[in-house]
Structures are given as C-alpha cells and as structure tokens.
Amino acid sequence: MCLVVFLAVSCRVYKGDNHADSYILEETSENLFAGYVSAPVIFVDWMQDFNGYLFGENGSWNDIAGVNVVQTGEHAYHIDGFGLVDTGGKSLDDPGSVWSITAESYARWTGFSSLQCFGTANDEPLAVTVTCGSENMWELSASSQSGHADLAVTKHDYEIGNGTYEARGDGSFDDGDYSAVFSIGPEGLTIVRDDAGVMYGSFKVEFMSGEQKLDTCVMSFYGNEQSFTTSRD
Amino acid sequence: MKRFLVLCVALVTALAVYCPVSARGREAGNLNDMRYEVRLGWGGYPVADVINFVDRNCGGYFGGRSLSSIYGDYSGPVYMTGVISAEFDFVLRRWFTLSLGIGWNGIRGETHDGVTSSLKSKDSGYVATFLPQARFTYFSREYFKMYSAVGLGLSYGQFRGRAVISPCFHTVPFGIMAGGRVFGFAELALGMLNIGATAGIGVRF
C-alpha cells in the first residue's frame, strides 16, 4: 500500500530520449539534402562569380562587402567566410577542368545567394571536386568525414545570381552501426538559384542497419513548398 | 566520517545536559519545553538526483542527433517520487535544534528498443540521504515558529547500473511550523537534497 502511495506521488523529471519518429526522419533527411546535394550545387553557382573574376572580364569580386580573397598557392585561393578553392589554373567552364573546393567547418550555411554564405551545417568540412564535362555540365564529388555524394549538374539559363540547375545523383552517410543511403528522384532535381529557393523534384533517404532497411523518407519539392513522406507517418 | 559522527554525538550530549536555570522555572506542559520532535515530510525537486541519474540524449550532429542516437536503445520518461524525509530532532535551545534526518527518493523508468520501440526493461532505483541539519529558530511562539536551517550529509543512489555516493549540502532559507503537540511545517528548500517547497507533519514530545 505504501508503495502504491509513493508511486502515486511520482512526478516526471525527464520526458524521455529522442528516437526515430517521422519528425526526426524529416529533419535528418533535410540535413542530408542540405549537406550533400543543395550545398554542392550552390557552390557551383557561387563559383560562377569567382570564375568570372579570375578568368573573365568582370572583376567585381572584391566589390562584395565583407568578402576577402587571399591567394594561398599557384592556383589556390582562400575566400573569407567560405573556404579554399583550387582552380587548377583553368576556367570552370573549360571541359576537363577540375576545381577543388573545401568548405570550412564550424560554419553555418544560410542558403542565400550572396557570398556571405558558409559551409556545411553538420560541422564536418565538406570537400567538393567539380569536373567540367562539357559546356554547362559538371560532375561533382562531395565528401565529408562520414558522407559522400556523386552528382551530375547541368546549368540552364544562367544569369548572375539567378541560375537554374538540374542535378542527378546519389550518395550515402555512414554512422557506425547505422547508415543512410540517399538519391535524387529519377526525374532529377531542379534548383532555381533565386532568393525564394525554388526547387522541383524529389529526394529519397533510406535509413539502414547493415543490410536491413529501417526507415525511409521522401522529400518532394513543389516550387517554394516541400512535403515529406516517411515510413513512420 | 567517523570523526564527524563522534563530534555530532558529543555536541548533542553537551547541549542536552546543560539546561539554563530559566528553563527549569517554566510552567509544566509548555510546548516550548518539549525537547524532541519527529517529522515526516515530502516535496521539492531533487535536482542533484536528476543530474546524477538522468542522461539526456542530446545527440551529436545533424541538428543535435546522430543516427546512432536515433536508433539506439532509448529511455522513456523517468519519474521520481521526490524526497520523502523522516527526522528526529533534538530541541536543544529555543533557538537551536539539531535534526537527524533520512531522505528517500524513488526513481523509475523504462528502456525501449530504438528500432521497434518495444519495451526492453523496466528500471527502478533510489537515492537515500542521511542529513544532519542545524535549525535556527529566529521567531518562536508556543504554537508558531519561523526558522532557517543548514546541513551537510551523505547520499547514496543507484539507477540503471550506476551507483553514486555524494555529499549533500542543504539549506532551508525559510521554514515555518504551526500547531501544538502535533504540528505542520512548510519549508523553502535550496540545496542538494531538493529545491522548492516541502511540507509535512510532526509531533513534539
């Protein structure tokens, strides 16, 4: 009887640990998308401006307030608030050129089109190798300590700060006993690089334990809006 | 620890055998002449126990969660009874009381499988505290008193495979007791035993 009374006066001091539910699957998928898909594509967009400064006729880079560029090697540059860029001495638009980009760690990516944007949201440095295959087409290889993605990116209707890109590809993230395998939908992903962040397409994540699939999450983009479908809905 | 206990016993004995002349002349049956109290109380938030025994899963990255923390075994809600205390008090002076108390805080929770959310185990534990306190009464009437207290004791607790022994420094910045031979008390506690309002009943004899 005393035990019953004592248990009856118990109060909750901790609500419990976070664990896999639809919200956490959505949040994790968003972070994978931001880190390994949209960030590398946006880097290509930013590098269009830098490419124009280095190899084009419009040298307006240093007009952007608060951004400082320091040359650190023969073809290497450090861009304040972004990271390191090695151009290999070739224009980004030259077929066969290879640019190596390292986004700085412990920085926040805001998704804005200005060059005051930073690296990855997960505090791991993100290295992106951009290889120009043909005009307006690049192969991207993005990797961090725990994740990797291979993307094919095509540029359409490009204007300064308002490009439209189409991306295809897939990747994975490894966290010891668990991993996530992700891919862009078969229709491809269209990213309009304006302030509204318009996108069309889908992005799927499968959460794995070894060979066992635990959960899935599909992000669908409809212009300014997006929706989620998870296995825990 | 042994020396500390011997010192406490010596202090109690010395104060108990020395009675001011004025106290002997009081009217028989006056409540303030009663030398002993027994109290039973409950309340407060056991903040030290929560810190010692509740591990909060804050994750690692991706906005605060790693895949391992998402799919690993996880803790369901954790409940505590709050500190239930029993005291035996020596009223050595009208302004000074030595309290010897034992507190008990019960803990329970559940552990779930991270993938299936099925129940893996029901967990229970406790924290027991021995707490001597010095209570200073700064306002004293026959049926009402106001006081403050300070104490230093020892706690032992165990929960989910973890055992912790720790000192317990505790204060009561403000307390009141009201009643006759049977009285009620309420305190504002601020210390390692608990924080917040506690209340209970007691008997003087």
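Asp215(A) touches Ala20(A), Leu25(A), Val205(A), Glu206(A), Phe207(A), Ser231(A), Arg232(A) and Tyr71(B), leaving aside residues up to four places away in sequence. That list includes a residue of chain B, Tyr71(B), so here's a quick tour of this predicted model, starting at Asp215(A) and moving on to the interface and the strands of chain B.

**Asp215(A) up close**

- Asp215(A) sits in strand S13 of chain A, which spans residues 212-223.
- Its relative accessible area is just 3%, so Asp215(A) counts as buried, the cut-off being under 20%.
- The side chains of Asp215(A) and Tyr71(B) make a polar contact of 2.6 Å.

**Where chains A and B meet**

- On the chain B side, 32 residues are in contact with 31 residues of chain A.
- About 3000 Å² is buried between the two chains, and carbon and sulfur atoms give 61% of that area.
- Looking for salt bridges between chain B and chain A? The rule finds zero across this interface.
- Polar contacts are there, though: the count is 10 residue pairs between chain B and chain A, with both residues at pLDDT 80 or more.
- On chain B, the elements giving two or more residues to the side that touches chain A are strand S1 (36-45), helix H4 (67-71), strand S2 (74-75), strand S3 (78-80) and strand S5 (96-112).
- H4(B) gives the most to that side, with five residues.
- Sorted by class, the side of chain B that touches chain A has 17 nonpolar, 11 polar and four charged residues.

**Strand pairing across the interface**

- Strand S1 of chain A (residues 11-14) runs antiparallel to S3(B), and three bridges join them.
- Within this pairing, Tyr14(A) has Val78(B) as its bridge partner.

**Hairpins in chain B**

- Strands S7 (residues 144-159) and S8 (residues 162-179) of chain B are antiparallel and joined by 15 bridges.
- One of the bridge partners here is Ser166(B) in S8(B), which goes with Ser155(B).
- Two residues lie between the strands in the hairpin of S7(B) and S8(B), where Arg160(B) takes a positive phi near 55°.
- S8(B) also pairs with strand S9 of chain B (residues 182-191), again in the antiparallel sense, over eight bridges.
- In that second pairing, Phe183(B) of S9(B) stands opposite Gly179(B).
- S8(B) and S9(B) form a hairpin too, with two residues between them.

Terms used. Residues numbered from 1 in each chain as written. Chains lettered and ligands numbered in written order. Predicted model: local features only at pLDDT ≥ 70, side-chain atom pairs only at ≥ 80, totals over all residues. Heavy atoms only, no water. Contact = heavy atoms within 4.5 Å. Buried area = accessible area lost by both parts, 1.4 Å probe. Salt bridge = Lys/Arg side-chain N within 4 Å of Asp/Glu carboxyl O. Polar contact = N/O pair within 3.5 Å; in protein donor to acceptor, adjacent residues only side chain to side chain. Helix = DSSP H or I, 4+ residues; strand = E, 2+ residues; numbered from the N terminus. Nonpolar A, V, L, I, M, F, W, Y, C, P; charged D, E, K, R; others polar. Pairing = 2+ DSSP bridges. Buried < 20%, exposed > 50% of the residue type's maximum accessible area, 1.4 Å probe, protein only.
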